[in-house]
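Open the model in your viewer and keep the sequence panel in sight. We will go from one stop to the next, selecting as we go.

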Amino acid sequence: MPADQPSHQAIANLVHRYAACVDGADFAGIRDLFADASFTGSGGTLRGGEAIAAMFERTVIVHPDGTLRTKHVTTNLAVEVDEEAGTATSKAYYTVLQAVPGLPLQPIACGTYDDAFTRTGGRWHFTSRRITLDLAGDLTHHLRRPENLPSHASAPHQG
């Protein structure tokens, strides 16, 4: 984080960086974002960037253009920072839009992110992310095994 960047903005940038990494199939970026973090989704909880990036590589469909053909839209971001402790939390909504050849642009998933962060050496980083899927559409062009998602919409999901 640059010295003149407020903590709230640095944290928002991390939340938005995740969306860019997922949409672009940037698994190395995901690995770096979650290097020392936990990630809870429909497959349970994973720890560390290597495990989290590997999970994405196994579960999402990378299309011929090298992307997921998605746009993760993050809204309603609320950030709480404890500057003295060097910790923060955030909550946000996400909506995943997808367009693939032969199918129109459509929402495929909506839910929430619950995140925790710590500041080390003046830089903020993820310590945990919990993704909850609230609404699901057609995930057959996004996930390799969408049938493995829990049958109820409130289950965690790799959004």
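Select histidine 8. Is this residue buried, partly exposed or exposed? Its relative accessibility is 42%, so histidine 8 counts as partly exposed; the partly exposed class lies between under 20% for buried and over 50% for exposed. Bear in mind that you are looking at a predicted model.

Stay on histidine 8 and show its surroundings. Which residues does it touch, leaving aside neighbours within four places in sequence? The answer is Val79 and Val81.

Now add serine 90 to the selection. Histidine 8 and serine 90 are 82 residues apart in sequence. In space, their C-alpha atoms are 9.5 Å apart.

Widen the view to helix 1, residues 7-23. Histidine 8 belongs to this helix. Helix 1 lies across strands 1, 3, 4, 5 and 6. Against strand 3, helix 1 runs at about 155°.

Next, select the strands. How many strands form the sheet, and in what order? There are 6, arranged 2-1-6-5-4-3 in an open sheet with mixed pairing. Find the edges: strand 2 (44-47) and strand 3 (70-82) each pair on one side only. Look along the sheet for its twist, which averages 15° from one strand to the next.

A general point helps here. Strands of a sheet pair through backbone hydrogen bonds, either parallel or antiparallel.

For the last stop, zoom in on strand 1, residues 38-41. Strand 1 and strand 2 run antiparallel, joined by 4 bridges. Pick serine 38, then look across to strand 2: arginine 47 stands opposite.

How values were computed
Residues numbered from 1 in each chain as written. Predicted model: local features only at pLDDT ≥ 70, side-chain atom pairs only at ≥ 80, totals over all residues. Heavy atoms only, no water. Pairing = 2+ DSSP bridges. Helix = DSSP H or I, 4+ residues; strand = E, 2+ residues; numbered from the N terminus. Axes fitted to C-alpha atoms, helices over the stretch in contact; angles between N-to-C directions. Contact = heavy atoms within 4.5 Å. Buried < 20%, exposed > 50% of the residue type's maximum accessible area, 1.4 Å probe, protein only.
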